[in-house]
Amino acid sequence: MKLFDVYPINDITIVKGEGSYVWDDNDVRYLDCYGGHAVISIGHSHPYYVQAIEEQLGRIGFYSNSVRIPIQQQLAALLGEVSDKTDYQLFLCNSGAEANENAIKLASFHTGRSKVVAFSKSFHGRTSLAVAATDNKAIVAPVNETGNVIFLPFNDVEALKEYFALHGNTIAAVIVEGIQGVGGINIASIDFLRTIRSLSDKYGAVYIADAVQCGYGRSGKFFSHDYAGVDADIYSMAKGMGNGFPIGGIAIAPGILPKYGMLGTTFGGNHLACAAALAVLTVIREEGLIEAADKKGEYLKKQLQEVNGLMNVRGRGLMIGFDVADRFRDLRRNLLHKHKIFTGEAKPNTVRILPALTIGYAELDILVDAIKQEIDYLNTVN
Ligand SMILES: Cc1ncc(COP(=O)(O)O)c(C=O)c1O
């Protein structure tokens with residue numbers, strides 16, 4: 001059997017990771033400023049994390065949700081504390097798309113409605129409801145097109161108010177990323193998020209904060225939506241939650257009540273995934289990584305803003321993006337192949353920086369120096 005060929009890949013085989021570095025099968029070392037797509041929150045192979053998973057696996061890796069799994073409650077308690085949402089309820093699943101599926105489904109159960117408002121340039125995952133709420137026709141199959149999702153322009157407060165004034169009573173949920181990731185590091189304005197909150201309150205809709213990429217401390221606050229100073233009804237989480245171990249979840253406000261059978265999953269909340277997630281949260285708290293992300297992000301943004309050729313340097317914490325002119329379109333490729341630095345991208349010409357929250361200042365300087373060198377080089381050849 002061969003692999004179903006859906007990923008355009010780099011011809012690199014990563015075999016080892018430590019902190020902010022990974023090594024290929026020729027023992028070449030790479031600086032990871034991509035975090036495997038914003039997934040690596042506490043650094044590759046963090047010793048506390050490795051030990052916690054090994055110890056859990058030695059006891060038991062999995063049993064179904066038909067029995068008590070106390071580590072789920074431990075995870076929920078610590079998550080409530082670290083995110084400052086102690087009165088929320090946690091439902092565990094396995095990925096970001098699945099978290100958003102459950103969030104939207106729950107909003108629909110809760111309100112008895114079927115319409116969902118999403119925004120231009122959104123990305124919420126590749127499964128049915130999540131992809132239907134994703135603004136990319138190329139990845140939406142005919143079966144995903146239910147007509148239940150309405151796309152409005154991102155950060156357009158007036159358009160949102162107008163839509164709610166006409167259709168507010170039909171809307172089950174508004175789903176929004178606090179900082180759009182795949183869409184190109186676009187920050188939801190404070191006014192926009194507050195308007196979503198107040199309109200949701202007025203019309204009885206559920207405000208879903210997609211924190212899959214921008215959550216878990218990456219932005220310098222636990223949820224980037226927290227910058228608006230209002231609570232969402234549901235937060236979806238995944239990427240940074242397990243530092244690479246597949247786990248996702250939704251944090252649900254106390255007013256949304258559970259019912260047996262309403263949501264469910266075989267693997268979600270298994271012992272091993274919970275051990276990984278608990279270790280991640282413990283490290284985030286013990287090592288002060290949320291504050292660190294804020295400080296390092298400000299440092300990096302400032303450096304990048306001073307580099308001639310980088311446009312519109314933006315973002316919060318360690319979720320940073322900038323645009324480059326077409327003549328610098330090889331920047332990412334050269335950073336990878338010449339300087340051995342992984343970065344992320346957003347089409348057409350945005351570079352995304354999404355390192356582990358544990359990355360050192362020395363590594364941030366290495367990144368900035370390499371970018372400067374490459375911009376100089378590309379200036380000479382183009
Ligand atoms: C904001 C956001 N939501 C949801 C997802 C989907 O997550 P997953 O790939 O784990 O299904 C992603 C993935 O990139 C994302 O960036």
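Reader: Which strands does H9 lie across, and how do you know at what angle H9 runs to S13?

Author: H9 lies across S13, S14 and strand S17 (350–353), and the angle to S13 is about 170°. Contact here means C-beta atoms, placed from the backbone, within 7 Å. Angles run from 0 to 180 degrees between N-to-C directions, with axes fitted to C-alpha atoms, for helices over the stretch in contact. This is a predicted model, where local features need pLDDT of at least 70, side-chain atom pairs count only at pLDDT 80 or more, and totals for chains, interfaces and linings use all residues. Residues are numbered from 1 along each chain as its sequence is written.

Reader: Which strands sit at the edges of the sheet S13-S14-S17-S16, and what makes them edge strands?

Author: Strand S13 (310–316) and strand S16 (344–346) are the edges, as each pairs on one side only. Pairing takes at least two DSSP bridges between two strands. The four strands form an open, antiparallel sheet, and neighbours are turned by 25° against each other on average, direction ignored.

Reader: How do you know that S13 and S14 pair?

Author: Five bridges join S13 to strand S14 (residues 319–324), and pairing asks for at least two, so they qualify. The two strands run antiparallel, with Val324 in S14 as the bridge partner of Leu310.

Reader: Why are H9 and H11 called roughly parallel?

Author: The axes of helix H9 (residues 289–305) and helix H11 (residues 361–381) cross at roughly 20° and come within 10 Å. Roughly parallel means under 35 degrees (over 145 is roughly antiparallel, 65 to 115 roughly perpendicular, the rest oblique). That angle therefore makes H9 roughly parallel to H11.

Reader: Which residues of H9 and H11 meet?

Author: Lys296, Tyr299, Leu300, Gln303 and Leu304 of H9 meet Tyr361, Leu364 and Val368 of H11. By class, the contact has six nonpolar residues, one polar and one charged. Tyr counts as nonpolar, along with Ala, Val, Leu, Ile, Met, Phe, Trp, Cys and Pro; Asp, Glu, Lys and Arg are charged, and the others, Gly among them, polar.

Reader: And what makes H2 and H8 antiparallel or parallel?

Author: The axes of helix H2 (residues 47–59) and helix H8 (residues 271–286) come within 9 Å and cross at roughly 155°. With that angle, H2 counts as roughly antiparallel to H8. Among the residues in contact are Tyr48, Ala52 and Leu57 of H2 and Leu272, Ala276 and Val283 of H8. The contact divides into 12 nonpolar, three polar and no charged residues.

Reader: What about the seven-strand sheet: which strands are its edges?

Author: Strand S4 (89–93) and strand S6 (149–152) each pair on one side only. The order is S4-S12-S11-S10-S7-S5-S6, open and with mixed pairing. The twist averages 20° from one strand to the next.

Reader: In what sense do S5 and S6 pair, and over how many bridges?

Author: Strand S5 (residues 115–119) and S6 pair in the parallel sense over four bridges. Val116 stands opposite Val149 in S6. Helix H6 (residues 157–167) packs on this sheet, touching S5, S6 and strand S7 (171–177), and its direction makes about 145° with that of S6.

Reader: Last one: which residues come nearest to the ligand, and which helix gives the most to the shell?

Author: Gly96, Ala97, Gly125, Val212 and Gln213 come nearest, out of 14 residues around the ligand. A residue is near if its C-beta atom, placed from the backbone, lies within 6 Å. Helix H4 (residues 96–111) gives the most, with three residues. The shell holds five nonpolar, seven polar and two charged residues.

Key: Two residues are in contact if their C-beta atoms, placed from the backbone, lie within 7 Å.
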